[in-house]
Amino acid sequence: MSTITSVADVVYQRIKKQIFSKKLLLGQKVLDTDLAEEFKVSKTPVREAFLRLRSEGLIEIHPRSGTFIFRFSQEDLLSLVQARTCVEEGALRCAYAADPVRLV
């Protein structure tokens, strides 16, 4: 059984890869026309990919301003640090409870 991949799915994967590989930078403005030309597709699959990426929080679409790769606000970064601290503290507690001698 094979699955059919739409052009929009391929474009979505390529844009996502460019975000994670830092080819597209946080806060960078992206144009559907530029990506359509780069990927040799029409603007429609690029726009469909943008909607999907927006739903995942990877891009921000601002009417009359443009489409931008997401960026962290100071509050986002603080929340991320607090969450990581909680996870790491919990992991240390579990490791200590399981085998304190080996942990040290």
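Thr67 sits in strand β3, which covers residues 66-69. A word of caution before going on: this is a predicted model. In the model, Thr67 is buried, with a relative accessible area of 10%. Which residues does Thr67 touch, once its neighbours within four places in sequence are left aside? They are Gln28, Lys29, Val30, Phe50, Ile59, Glu60 and Ile61. Please keep Phe50 in mind, as that residue comes back with the helices.

Now the helices, starting with α1 and α3. Helix α1 runs over residues 7-20, and helix α3 over residues 43-55. Their axes are 8 Å apart, and the two helices pack at an angle of about 60°. That angle makes α1 oblique to α3. The crossing of α1 past α3 is right-handed. On the α1 side, the contact is made by Val7, Ala8, Asp9, Val11, Tyr12, Ile15 and Lys16. On the α3 side, the residues are Pro45, Val46, Glu48, Ala49, Phe50, Arg52 and Leu53. Sorted by class, this contact of α1 with α3 has 10 nonpolar residues, four charged ones and no polar ones. So Phe50 is part of the α3 side here, and Phe50 is also one of the residues in contact with Thr67.

Next, α2 and α3. Helix α2 spans residues 32-39. The axes of α2 and α3 come within 8 Å and cross at roughly 115°. Is this crossing left-handed or right-handed? α2 passes α3 in a right-handed crossing. From α2, the contact takes in Asp32, Thr33, Leu35 and Ala36. From α3, it takes in Lys43, Val46, Arg47 and Phe50. By class, the contact of α2 with α3 has four nonpolar, one polar and three charged residues. Val46 and Phe50 belong to this contact, and both are also listed in the contact of α3 with α1.

The remaining pair to go through is α1 with α2. Their axes are 12 Å apart, at an angle of about 105°. α1 and α2 are therefore roughly perpendicular to each other. Val11, Arg14, Ile15 and Gln18 of α1 meet Leu35, Glu38 and Phe39 of α2. The classes for α1 with α2 are four nonpolar, one polar and two charged residues. Val11 and Ile15 take part here, and they are also among the α1 residues in contact with α3. Leu35 of α2 is in this contact and also in the contact of α2 with α3.

Let me stay with one residue of that contact, Gln18, which lies in helix α1. Is Gln18 buried or exposed? At 9% relative accessibility, Gln18 counts as buried. Not counting residues up to four places away in sequence, Gln18 touches Lys23, Leu24, Leu35, Glu38 and Phe39. Leu35, Glu38 and Phe39 are the α2 residues in the contact with α1.

Last, the cysteines. How many disulfides does a search of the whole structure find? Zero. Why is Cys86 not bonded to Cys94? The sulfur of Cys94 is the closest cysteine sulfur to that of Cys86, but the distance is 13 Å, too far for a bond. The cut-off for a disulfide is 2.5 Å between the sulfur atoms. Cys94 is likewise in no disulfide, with the sulfur of Cys86 as its nearest, 13 Å away. Cys86 is exposed, with a relative accessible area of 53%. Cys94 is exposed too, at 55%.

Note on methods: Residues numbered from 1 in each chain as written. Predicted model: local features only at pLDDT ≥ 70, side-chain atom pairs only at ≥ 80, totals over all residues. Heavy atoms only, no water. Buried < 20%, exposed > 50% of the residue type's maximum accessible area, 1.4 Å probe, protein only. Axes fitted to C-alpha atoms, helices over the stretch in contact; angles between N-to-C directions. Helix = DSSP H or I, 4+ residues; strand = E, 2+ residues; numbered from the N terminus. Parallel < 35°, antiparallel > 145°, perpendicular 65-115°, else oblique. Left-handed = near helix turned anticlockwise from the far one by under 90°. Contact = heavy atoms within 4.5 Å. Nonpolar A, V, L, I, M, F, W, Y, C, P; charged D, E, K, R; others polar.
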